[in-house]
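Subject: Model for your review

Hello,

Please find the structure below, with my notes underneath.

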Amino acid sequence: MRNAVMFMVLVLMLIMGGCTIAPIPSSPTLVPEPAAPTSVVSPVPAQASAGVDWETKLFNNFWVSPAVVEIGNYHSGARKEWRIRIHNGRDTKSDYLVSYKVPVETADGYAMPLPEAEFWVMIAERTPMLAPKETRDVLVAFAIPDEENTKYSKLAGTKWEFWIRVVENPKAMVNSGYDVRWLVQMR
Amino acid sequence: MKRLIVSLILALVLILSFALPALADPTADVTVTATPEYLALTNSEPAWAIGNVEDSKPATYFWTNDGLIWDEPMTAGRMKSTITNTGSVLSDINVHAHNFTGGTGWTLAAAVGLNTVVLKVGGTGFANEGAALVLLDGADQELKDSLASSGTYKWAMHLETGTFDNGDPKTGTVTLTIVKHV
């Protein structure tokens, strides 16, 4: 009897020592697409470099932030999200197209994405229309389905890249667009 | 003793009910990070109004400072438009275009033909006409590598038209895209 009790205490101690509570995800929770334009608090701190308030400086510009999103230690079955922030610097409303993009070139050590990679990317709002001077966060989620773990085992240990492109719907012959790099490091 | 064992079992069940989800959580060790950096650019000349073009023979048009053929190598003083990296990071500038629309549209190609045009882009430092970028529908090409924050770059275009069987006005779009240089 005493041995049974000691055994159970030992098991209890091993479990308590080996378990961890899951950390709070570092990315924001997916929320339904807002019905009306809103300016939401971005998970990315506003200041990019010491002494420069970039969002104030670029208030009259079309801008996108961040420039790079890095996903580390990734494995299929996991879902990671980040909000891309878009700002309309015009005095009139403007609409944009947010889409998956195969890179023009990749960072050193990173490979081009597989053709099916575009199906692993979900964009919450692909054609946002922003009011004058509005800033809006668009959620982008990345997940390789768990059931494809074997099929994509070749990706294990690799580094590859894809882009998310934000283009303003043409207002003139020459237009501008911004490409956010997503750098993926596989487990 | 029995009470002790029951208590221990209950404690074990409680702990496992919290621990198993954590053990099974597939996202616990996957990280996602982003540094607050800003992508932005401006371009000084938003449009190129070419006007009427020859309809019976190939013709050529330059969007340069004086409307004349660009020099070789291409110099900033002869270019038409100025790109400014107004963002916060060292960036590359890519460019792409789409087929012209309007009536029977014009297709972008490497050689002129019926309803087919050649649209080229050049910039400061391009060696010659042969180095100019030939734009094809939707295909990105690098125009400028490593443009510093607040840096500027001058560029121009060259259009060669073929023949066409439709006189409706045509509209083309050229998109400059900026991406962080890594």
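The notes cover confidence, the strands, the nonpolar core and the salt bridges.

This is a predicted model, so local features need pLDDT of at least 70 and side-chain atom pairs count only at pLDDT 80 or more, while totals for chains, interfaces and linings use all residues. Residues are numbered from 1 along each chain as its sequence is written, chains are lettered from A and ligands numbered from 1 in the order in which they are written, and side-chain values use heavy atoms, with hydrogens and water left out.

Confidence

pLDDT is the predictor's confidence in each residue, from 0 to 100. The average for chain A is 81, and 72% of its residues score at least 70. Residues 18-49 of chain A stay under 50 throughout, and the model has 60 contacts for them beyond four places in sequence; contact means heavy atoms within 4.5 Å. Where pLDDT is low, the predicted coordinates should not be read in detail.

Strands in chain A

Helices (H or I, at least four residues) and strands (E, at least two) are DSSP runs, numbered from the N terminus. Two strands pair if DSSP finds at least two bridges between them. In chain A, four strands make an open antiparallel sheet, in the order S1-S3-S7-S5. Its edges are strand S1 (63-65) and strand S5 (121-123) of chain A, each of which pairs on one side only. On average, neighbouring strands of this sheet are turned by 25° against each other, direction ignored (axes are lines fitted to C-alpha atoms, for helices over the stretch in contact, and angles run from 0 to 180 degrees between N-to-C directions).

Within chain A, nine bridges join strand S3 (residues 79-87) to strand S7 (residues 135-143) in the antiparallel sense. Val140(A) in S7(A) is the residue opposite Trp82(A).

After S5 of chain A comes the loop to S6, where Ala124(A) sits. Ala124(A) counts as partly exposed because its relative accessibility is 35%; buried means under 20% relative accessible area, exposed over 50%, and partly exposed in between (1.4 Å probe, protein chains only). The C-alpha atom of Ala124(A) is 18 Å from that of Ala78(A), 46 residues away along the chain.

Strands in chain B

Strand S10 (residues 152-161) of chain B is mostly covered, with seven of its 10 residues buried. Which strands pair with S10(B)? Strand S3 (residues 59-63) of chain B does so over five antiparallel bridges, and Thr60(B) has Glu160(B) as its bridge partner in S10(B). Strand S4 (residues 81-85) of chain B pairs with S10(B) over four bridges, again in the antiparallel sense; here Thr82(B) is matched with Lys154(B). Strand S7 (residues 116-123) of chain B runs antiparallel to S10(B) and is joined to S10(B) by six bridges, with Gly122(B) opposite Ala156(B).

Nonpolar core

A nonpolar core is a set of buried Ala, Val, Leu, Ile, Met, Phe, Trp, Tyr and Cys residues joined through side-chain atoms within 4.5 Å. The largest one has 84 residues, and those touching the most other members are Tyr74(A), Ile86(A), Phe142(A), Trp182(A), Leu143(B), Trp155(B) and Met157(B). Strand S9 (residues 174-186) of chain A gives the largest share of this core, seven residues. Beyond its neighbours within four places in sequence, Phe142(A) has contacts that include Ile71(A), Tyr74(A), Trp120(A), Met122(A), Trp160(A), Phe162(A) and Val184(A).

Salt bridges

A salt bridge is a side-chain nitrogen of Lys or Arg within 4 Å of a carboxyl oxygen of Asp or Glu. By this rule there are 16 over all chains.

- Arg85(A) and Glu55(A): the closest N and O atoms are 3.6 Å apart. Arg85(A) lies in strand S3 and Glu55(A) in helix H2 (residues 54-57) of chain A, so the pair ties together parts that are 30 residues apart in sequence. Arg85(A) and Glu55(A) are both buried.
- Lys101(A) and Asp140(B): the closest N and O atoms are 3.0 Å apart. This pair crosses between chains, from strand S4 (residues 94-101) of chain A to the loop between strand S8 (133-135) and strand S9 (141-147) of chain B. Lys101(A) counts as buried because its relative accessibility is 17%, and Asp140(B) counts as buried at 16%. Lys101(A) and Asp140(B) belong to a network of salt bridges with Arg165(A) and Asp179(A).
- Glu125(A) and Arg136(A): the closest N and O atoms are 2.5 Å apart. Glu125(A) is in the loop between S5 and strand S6 (129-130) of chain A, and Arg136(A) is in strand S7 of chain A, 11 residues apart. Glu125(A) and Arg136(A) are both buried.

Regards
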